[in-house]
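Trainee: Could you take me slowly through one part of this model, and explain each term as it comes up?

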Amino acid sequence: FSIYFSRRSIALSILQMDKGVFLKMYDFVVVGAGFFGAVFAHEVKQTGKKVLVIEKRDHIGGNCYSYDDPETGINIHKYGPHIFHTPDKTIWTYINLFAEFNDYRHRVKTNADGKIYSLPINLATINQFFNLNLTPEEAAAFLKAKSSVVGKPANLEDKAISLIGRELYEAFIKGYTTKQWGCDPRDLPAAIINRLPVRTTDNDLYYDDDYQGIPIGGYTPIFEKLLKGVPVELKTDFFDKRDYWKSVAKQLVYTGPIDRYFNYRFGRLTWRSIRCEIEKSPLNDYQSVSIMNYADREIPYTRIIEPKHFYPNQVHSSRETVIIREYPHDDPSEPYYPVGLKADREILVNYQQAQTNERNVIFGGRLAEYKYYDMYQVIAGALQQARKQQAAESD
């Protein structure tokens with residue numbers, strides 16, 4: 001009699017496990033091994049939680065993944081350049097626990113109509129473009145006179161013209177923006193241009209943040225340290241066994257595209273991707289700067305990256321350099337940037353409402369929140385969520 005019920009209990013347990021309703025093996029299953037997922041996993045593991053990370057790619061690090069070119073030794077950011085910058089000392093202190101950063105300061109040049117200019121637009125750019133010799137005060141008055149936008153700017157084009165006038169906009173912004181986002185700048189939110197500062201001094205730094213640099217050795221070692229001791233399953237697509245992954249975790253942490261999570265219930269959001277074309281150059285120095293933008297619409301790529309310049313103090317034995325041409329394109333399977341057209345903003349409201357009805361699911365990061373975050377903002381969001389979980393445990 002007892003043997004019969006024992007065997008029956010075992011059989012029921014196996015059946016329940018197969019259906020994914022019996023066993024919660026993990027406190028958290030994290031979908032995605034980018035910054036949000038890796039930081040969150042690291043933090044909750046420190047508090048004794050059982051956590052598993054699953055990643056559909058064959059490597060950790062998300063779009064920040066980097067590797068050393070075997071021939072030149074140059075560290076390459078596979079999915080486009082990532083310059084770490086933050087105004088937040090707390091985040092800077094945190095990320096420095098996992099890497100040593102160099103003192104790289106980001107400066108960009110742009111090729112417009114065959115001439116090379118400094119970018120962001122600054123005093124040198126203005127004087128060179130208009131063949132003038134203005135002082136900072138004169139340059140500010142000059143740009144103000146160039147503005148022809150009345151009232152609140154309704155889109156990116158209006159906002160740009162209100163800041164720098166039509167001539168500089170046409171020369172430096174319009175063609176590049178059209179290529180980058182794949183649409184008319186008048187269809188884009190005005191806020192996008194706020195990421196590009198405009199100065200009337202000789203300050204040619206791309207970022208104003210107090211804390212900046214590139215991790216020595218690249219980004220991948222950061223993720224290796226964050227995920228040390230955390231089980232990670234690569235080449236594992238959450239959507240192949242969605243119900244199973246949700247069944248084995250008390251909570252799911254989702255960092256993928258928000259519209260994909262809801263099976264495009266309210267429509268597809270607009271995403272923009274990039275394709276990187278990597279080649280070796282026999283030159284020791286191809287363009288003397290890490291990034292050269294190409295403003296003219298007729299040139300199919302938006303910029304050329306020469307990654308050796310991210311490490312100005314590093315000596316390479318090879319006299320070759322690596323250059324990477326960046327081509328923006330549409331690839332729904334590899335979303336990089338949320339575009340945020342008017343229709344997207346309307347659809348997003350529905351997805352945000354749907355998120356609130358998802359029990360035991362945390363949404364975080366650029367893709368899951370459909371928001372253009374810098375790396376430090378993603379890290380801050382992951383830390384906040386991890387601390388929120390810890391606070392809930394102690395209540």
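Mentor: Let us look at helix α2 (residues 35–46) and helix α12 (residues 375–394), whose axes come within 8 Å of each other and cross at roughly 35°. The model is a predicted one, in which local features need pLDDT of at least 70 and side-chain atom pairs count only at pLDDT 80 or more, while totals for chains, interfaces and linings use all residues. Residues are numbered from 1 along each chain as its sequence is written, and side-chain values use heavy atoms, with hydrogens and water left out.

Helices (H or I, at least four residues) and strands (E, at least two) are DSSP runs that are numbered from the N terminus. An axis is a line fitted to C-alpha atoms, for helices over the stretch in contact, and an angle is taken between N-to-C directions and runs from 0 to 180 degrees. The crossing of α2 with α12 is right-handed, a term used when the near helix is turned clockwise from the far one by less than a right angle, whereas an anticlockwise turn would be left-handed.

Where the two helices are in contact, meaning heavy atoms within 4.5 Å, α2 contributes Phe35, Phe36, Val39, Phe40, Glu43 and Val44, and these meet Met375, Val378, Ile379, Gly381, Ala382, Leu383, Gln385, Ala386 and Gln389 of α12. Sorted by class, the residues of this contact are 11 nonpolar, 3 polar and 1 charged, where Ala, Val, Leu, Ile, Met, Phe, Trp, Tyr, Cys and Pro count as nonpolar, Asp, Glu, Lys and Arg as charged, and the others, Gly among them, as polar.

Helix α2 also packs on a sheet, so it helps to know that strands of a sheet pair through backbone hydrogen bonds, either parallel or antiparallel. This sheet is open and has 5 strands in the order β9-β2-β1-β10-β16, with parallel pairing, two strands being counted as a pair if DSSP finds at least two bridges between them. At its edges lie β9 (232–233) and β16 (361–363), each of which pairs on one side only. Strand β1 (residues 26–31) runs parallel to strand β10 (residues 249–254), and 5 bridges join them; Val30 stands opposite Val253 in β10. On this sheet, α2 touches β1, β2 (51–54), β10 and β16, and the direction of α2 makes about 165° with that of β1.
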